[in-house]
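This briefing covers strand pairing, the disulfide and the salt bridges of one chain. Please read it alongside the sequence and the coordinates.

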Amino acid sequence: QVQLVESGGGLVQAGGSLRLSCAASGGTFSRYRMGWFRQAPEKDREFVAAISWSTGSTYYADSVKGRFTISGDNARNTVYLQMNSLKPEDTAVYYCAAKNPGLSDYKYWGQGTQVTVSS
């Protein structure tokens, strides 16, 4: 049973930083693509960033390029999202997700962690 557990969310002032963690278990994650998504109140869930365990390739939404960095620790099966220069519009519940790179949809999801950026 694949499990993803996020941590690291919280309240931060605009311009500040947070690092989210996603601990994965129950699967062979060396084959997976891991992603971060977020959902703000009354908005659709949106893609934030992704990383391929096998190649190390990273992908970012335009809105976070240059501010957020996704990375992974294979030994710990943990994915991180370092968020710098945070803005109030980054306020959302952030979700970690995993998928087989051959598929279009993310299959496994964490429970989410709240990030609130005050102005």
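In which sense do E3 and E8 pair, and over how many bridges? The two strands pair in the antiparallel sense, and six bridges connect them. The model is a predicted one. The points below start with the sheet that holds these strands and then turn to the side-chain links.

**Sheet**

- Four strands form an open sheet in the order E1-E3-E8-E7, and their pairing is antiparallel.
- E1 and E7 each have a single partner strand and stand at the edges, so one side of each has no neighbour in the sheet.
- From one strand to the next, the twist averages 15°.
- Between E3 and E8, Ala 23 has Thr 78 of E8 standing opposite.
- E1 and E3 run antiparallel and are joined by five bridges.
- Glu 6 has Cys 22 of E3 opposite.
- Strand E1, residues 3-7, has two faces: Leu 4 and Glu 6 make up the covered one, while Gln 3, Val 5 and Ser 7 make up the uncovered one.

**Disulfide**

- The count of disulfides is one.
- Cys 22 and Cys 96 are the two partners, with an S to S distance of 2.0 Å.
- Cys 22 belongs to strand E3 (residues 18-25) and Cys 96 to strand E9 (residues 92-99); the pair links distant parts of the chain, 74 residues apart.
- The link of Cys 22 and Cys 96 is left-handed, with -75° about the S-S bond.
- Cys 22 and Cys 96 are both buried.

**Salt bridges around Asp 90**

- The model has five salt bridges.
- Asp 90 and Arg 38 form one of them through their side chains, at 2.9 Å from N to O.
- Arg 38 lies in strand E4 (residues 33-39) and Asp 90 in the loop between strand E8 (78-83) and E9, so this salt bridge ties together parts that are 52 residues apart in sequence.
- Asp 90 has a relative accessibility of 1% and therefore counts as buried.
- Arg 38 also counts as buried, because its relative accessibility is 5%.
- The side chain of Asp 90 meets that of Arg 67 in a salt bridge as well, with an N to O distance of 2.7 Å.
- Arg 67 is in the loop between strand E6 (58-60) and strand E7 (68-73), whereas Asp 90 is in the loop between E8 and E9; this pair links distant parts of the chain, 23 residues apart.
- Arg 67 is buried, as is Asp 90.

**Salt bridge of Arg 76 and the shared network**

- Arg 76 and Asp 73 form a salt bridge in which the closest N and O atoms are 3.0 Å apart.
- The relative accessibility of Arg 76 is 60%, so Arg 76 counts as exposed.
- Asp 73 has a relative accessible area of 19% and is buried.
- One network, made by salt bridges that share partners, joins Arg 38, Glu 46, Arg 67 and Asp 90.

Definitions and conventions:
Residues are numbered from 1 along each chain as its sequence is written. This is a predicted model: local features need pLDDT of at least 70, side-chain atom pairs count only at pLDDT 80 or more; totals for chains, interfaces and linings use all residues. Side-chain values use heavy atoms; hydrogens and water are left out. A disulfide is a pair of cysteine sulfur atoms within 2.5 Å. Buried means under 20% relative accessible area, exposed over 50%, partly exposed in between (1.4 Å probe, protein chains only). A salt bridge is a side-chain nitrogen of Lys or Arg within 4 Å of a carboxyl oxygen of Asp or Glu. Two strands pair if DSSP finds at least two bridges between them. Axes are lines fitted to C-alpha atoms, for helices over the stretch in contact, and angles run from 0 to 180 degrees between N-to-C directions.
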